[in-house]
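Please work through the following exercises with the sequence and the coordinates at hand. Each task is followed by a solution in steps.

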Amino acid sequence: MSLDGGRGRAAAHPDEARRRLEHARASRLTQLDALDARGQSAEDHLLVAQRTAMREVLGEIEAAFGRVDDGTYGICQGCARPVPAERLEILPYTRHCVGCRPRPV
């Protein structure tokens, strides 16, 4: 399977998914390295929050690699329907379609 030009089906081709995930991981690792290089105190709450968020995203990316391997990548964990290709382009590590995404409290 492959991208369908935005007609709502998942971008489920494993090679394309891995490429996008590798790019997302490399990007986040670069951002994390830049945060670490700032040399600011660990007491800087904003910096701590940014590092924590970046590590959480890296964990989501690693979990998405697992979904590629087990064949569930691009399937919403909420409704079991395909995640639209556009969403996977923006957030290649997402677990949910827009309708099922967790909302902040």
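## Exercise 1: Overall organisation

Among contacts in the chain between residues at least 6 apart in sequence, 53% join residues at least 24 apart. The model is a predicted one.

Task. State which secondary structure elements the chain contains, and how many of its residues count as buried, as a percentage.

Solution. Begin with the elements: the chain comes to three helices and zero strands. Read from the N terminus on, their order is α-α-α. Next, take burial: of the 105 residues, 31% count as buried.

## Exercise 2: Confidence

Task. Determine the mean pLDDT of the chain and the percentage of residues that reach 70 or more.

Solution. The mean pLDDT of the chain is 86, and 83% of the residues reach 70 or more. Residues 1-11 have a pLDDT below 50, and this stretch has 27 contacts in the model beyond near neighbours in sequence.

## Exercise 3: The packing of α1 and α2

Task. Classify the relative orientation of α1 and α2, and give the handedness of their crossing.

Solution. First, identify the helices: α1 covers residues 14-37 and α2 covers residues 45-70. Their axes lie 10 Å apart, at an angle of about 160°. Angles over 145 degrees count as roughly antiparallel. The two helices, α1 and α2, are therefore roughly antiparallel to each other. The crossing of α1 and α2 is left-handed. Sorted by class, the contact of α1 with α2 has 15 nonpolar, two polar and nine charged residues.

A pair of residues can be added here. V48 has its place in helix α2. The C-alpha atoms of V48 and L35 are separated by 9.3 Å, and the two residues are 13 residues apart along the chain.

## Exercise 4: Three residues and their accessibility

Task. Assign V48, A80 and H96 to the classes buried, partly exposed or exposed.

Solution. The cut-offs come first: buried means under 20% relative accessible area, exposed means over 50%, and partly exposed lies in between.

- V48 has a relative accessible area of 34%, so V48 is partly exposed.
- A80 has a relative accessible area of 56%, so A80 is exposed. A80 is found in the loop between α2 and α3, and has a positive phi of about 65° although A80 is not a glycine.
- H96 has a relative accessibility of 16%, so H96 counts as buried. H96 is found in the segment after α3 (85-90).

The last step concerns the surroundings of H96. Leaving aside neighbours within four places in sequence, H96 is in contact with C76, Q77, G78, V83, R87, R101 and P102.

Notes
Residues are numbered from 1 along each chain as its sequence is written. This is a predicted model: local features need pLDDT of at least 70, side-chain atom pairs count only at pLDDT 80 or more; totals for chains, interfaces and linings use all residues. Side-chain values use heavy atoms; hydrogens and water are left out. Axes are lines fitted to C-alpha atoms, for helices over the stretch in contact, and angles run from 0 to 180 degrees between N-to-C directions. Helices (H or I, at least four residues) and strands (E, at least two) are DSSP runs, numbered from the N terminus. Angles under 35 degrees count as roughly parallel, over 145 as roughly antiparallel, 65 to 115 as roughly perpendicular and the rest as oblique. A crossing is left-handed if the near helix is turned anticlockwise from the far one by less than a right angle, and right-handed if clockwise. Ala, Val, Leu, Ile, Met, Phe, Trp, Tyr, Cys and Pro count as nonpolar, Asp, Glu, Lys and Arg as charged, and the others, Gly among them, as polar. pLDDT is the predictor's confidence in each residue, from 0 to 100. Contact means heavy atoms within 4.5 Å. Buried means under 20% relative accessible area, exposed over 50%, partly exposed in between (1.4 Å probe, protein chains only).
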